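Let's take a walk through this model together. Have the sequence to hand and follow along in the viewer as we go.

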Amino acid sequence: MNLRALIVEDDPILQTLHQKALKSLSIDATIAGTGIEAIQALKNSTFDFILMDINMPVMNGVEATRR
């Protein structure tokens, strides 16, 4: 069974690190750079879990989680 993760992170370096770490565990990862992008990704797909950054521009992780 392939797990799917959503990485919500605005820092490109951390996006890459998280994605590589999950890939090493055979977990497919989608990246969203803002809370708004995360909400859109959730409308278009399903994920087994989400790694959410709290401090992001536009919409932070707390607000995205609430929505």
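**The chain as a whole**

Of this chain's 67 residues, 30% count as buried. Keep in mind that what you're looking at is a predicted model. Running from the N terminus, the elements go β-α-β-α-β-α, which gives 3 helices and 3 strands.

How does the chain's radius of gyration sit with that of a compact globule? A compact globule of 67 residues would have a radius of gyration near 11 Å, and the chain comes out at 11 Å, so the two agree. As for its outline, the C-alpha trace spans about 30 × 25 × 15 Å along the principal axes.

**Around helix α1**

Now zoom in on α1, which covers residues 12–24. Its length can be checked with simple arithmetic. At 1.5 Å a residue, the 13 residues of α1 should span 18 Å, because the expected span is 1.5 Å times one less than the number of residues. The C-alpha atoms at the two ends of α1 are indeed 18 Å apart.

Next, look at how α1 begins. The N-terminal end of α1 is capped by aspartate 11, which places a side-chain oxygen 2.8 Å from the backbone nitrogen of isoleucine 13.

Isoleucine 13 itself sits within α1, and its side of the story doesn't end with the cap. Is isoleucine 13 buried or exposed? Its relative accessibility is 61%, so isoleucine 13 counts as exposed, the cut-off being over 50%. It also has company: Ile13, Leu14 and Leu17 form a nonpolar patch on the surface. Together, these three residues contribute about 290 Å² of accessible area.

At the other end, follow the chain just past α1 to serine 26. Serine 26 lies in the loop that links α1 to β2 (27–32).

**Two positive phi angles**

Serine 26 is worth a pause for its backbone. Its phi is near 60 degrees, a positive value in a residue other than glycine. Why does that catch the eye? Because most residues other than glycine have a negative phi.

Further along, valine 58 has a positive phi too, at about 70 degrees, although it is not a glycine. Where do you find valine 58? Look in the loop between β3 (49–52) and α3 (61–66). Valine 58 has a relative accessible area of 68%, so it is classed as exposed.

Conventions: Residues numbered from 1 in each chain as written. Predicted model: local features only at pLDDT ≥ 70, side-chain atom pairs only at ≥ 80, totals over all residues. Heavy atoms only, no water. Patch = residues over 30% accessible without salt bridge, like charges linked within 9 Å, V, L, I, M, F, W, Y side chains within 5 Å. Areas by Shrake-Rupley, 256 points an atom, 1.4 Å probe, with all protein chains shown as cover. Salt bridge = Lys/Arg side-chain N within 4 Å of Asp/Glu carboxyl O. Helix = DSSP H or I, 4+ residues; strand = E, 2+ residues; numbered from the N terminus. Buried < 20%, exposed > 50% of the residue type's maximum accessible area, 1.4 Å probe, protein only. Polar contact = N/O pair within 3.5 Å; in protein donor to acceptor, adjacent residues only side chain to side chain. Rg over C-alpha atoms; globule rule 2.2 N^0.38 Å.
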